[in-house]
Amino acid sequence: MEAVTRDELRYVLDPKDVMGEDYPSETFRVLQKNEIARHGEYRTRRLVLAAYDELSAQGMRPRVEGYCSNEDQLLHLTKRRHRGCR
């Protein structure tokens, strides 16, 4: 698995931030609207990007093994017998 770049993360958080105000796609529209109303900024974007920058500065890479499979997560969420994470 390859790490997400900072620009890719910016795109996920707010496509218009990367592609321009005319871009027709949005993600987290309600979250962004509520945070701007409450905090005067899209706070989640700032905090997530700050965390990304800090982790990158420390040389950290994303973990790619040891997570539950989608099937294990579904079993856990539906309270069926959970086989455990691999």
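## An odd spot in a loop

F28 sits in the loop between α2 and α3 (29-39). What is the phi of F28, given that it is not a glycine? Positive, at about 55°. Most residues other than glycine have a negative phi. As for cover, F28 is partly exposed, with a relative accessible area of 45%. Bear in mind that all of this comes from a predicted model.

## The overall picture

Now for the chain as a whole. The protein chain has five helices and zero strands, and reading along the sequence gives α-α-α-α-α. There are 86 residues in the protein chain, and 14% of them count as buried.

The surface comes to about 7100 Å² for the protein chain, with carbon and sulfur atoms supplying 52% of that exposed area. On the contact side, take the pairs of residues at least 6 apart in sequence: 29% of those contacts in the protein chain join residues at least 24 apart.

## How α1 and α4 pack

Two of the helices deserve a closer look. α1 and α4 pack with their axes 11 Å apart, at an angle of about 160°. Angles over 145 degrees count as roughly antiparallel, so that is the label for α1 and α4. Their crossing is right-handed.

Which residues make up the meeting between α1 and α4? From α1 come R6, L9, R10 and L13; on the α4 side they meet R45, V48, L49, Y52 and D53. Several of these names come back in the salt bridges below.

## A salt bridge from α1 to α4

How many salt bridges does the structure hold? The count is six. One of them pairs D53 with R6, and the closest N and O atoms there are 2.7 Å apart. This pair links distant parts of the chain, as D53 belongs to helix α4 (residues 43-57) and R6 to helix α1 (residues 6-13), 47 residues apart.

Are the two partners buried or partly exposed? D53 counts as partly exposed at 32% relative accessibility. R6 is partly exposed too, with a relative accessible area of 32%. Both residues also appear in the list of those that meet between α1 and α4.

## Around R10, D17, R45 and D14

R10 and D17 form another salt bridge through their side chains, at 2.9 Å from N to O. R10 has a relative accessible area of 19% and is buried; the cut-off for buried is under 20%. D17, by contrast, counts as partly exposed, with 31% relative accessibility.

R45 pairs with D14, and the closest N and O atoms in that salt bridge lie 2.8 Å apart. Why does this pair tie together separate parts of the chain? Because R45 is in helix α4 while D14 is in the loop between α1 and α2 (15-19), the pair spans 31 residues in sequence. D14 is buried, with a relative accessible area of 9%, whereas R45 counts as partly exposed at 22% relative accessibility.

There is a small network here as well: D7, R10 and D17 are joined into one by salt bridges that share partners. R10 also turns up among the α1 residues that meet α4, and R45 is one of the α4 residues that meet α1.

Terms used. Residues numbered from 1 in each chain as written. Predicted model: local features only at pLDDT ≥ 70, side-chain atom pairs only at ≥ 80, totals over all residues. Heavy atoms only, no water. Helix = DSSP H or I, 4+ residues; strand = E, 2+ residues; numbered from the N terminus. Buried < 20%, exposed > 50% of the residue type's maximum accessible area, 1.4 Å probe, protein only. Contact = heavy atoms within 4.5 Å. Areas by Shrake-Rupley, 256 points an atom, 1.4 Å probe, with all protein chains shown as cover. Salt bridge = Lys/Arg side-chain N within 4 Å of Asp/Glu carboxyl O. Axes fitted to C-alpha atoms, helices over the stretch in contact; angles between N-to-C directions. Parallel < 35°, antiparallel > 145°, perpendicular 65-115°, else oblique. Left-handed = near helix turned anticlockwise from the far one by under 90°.
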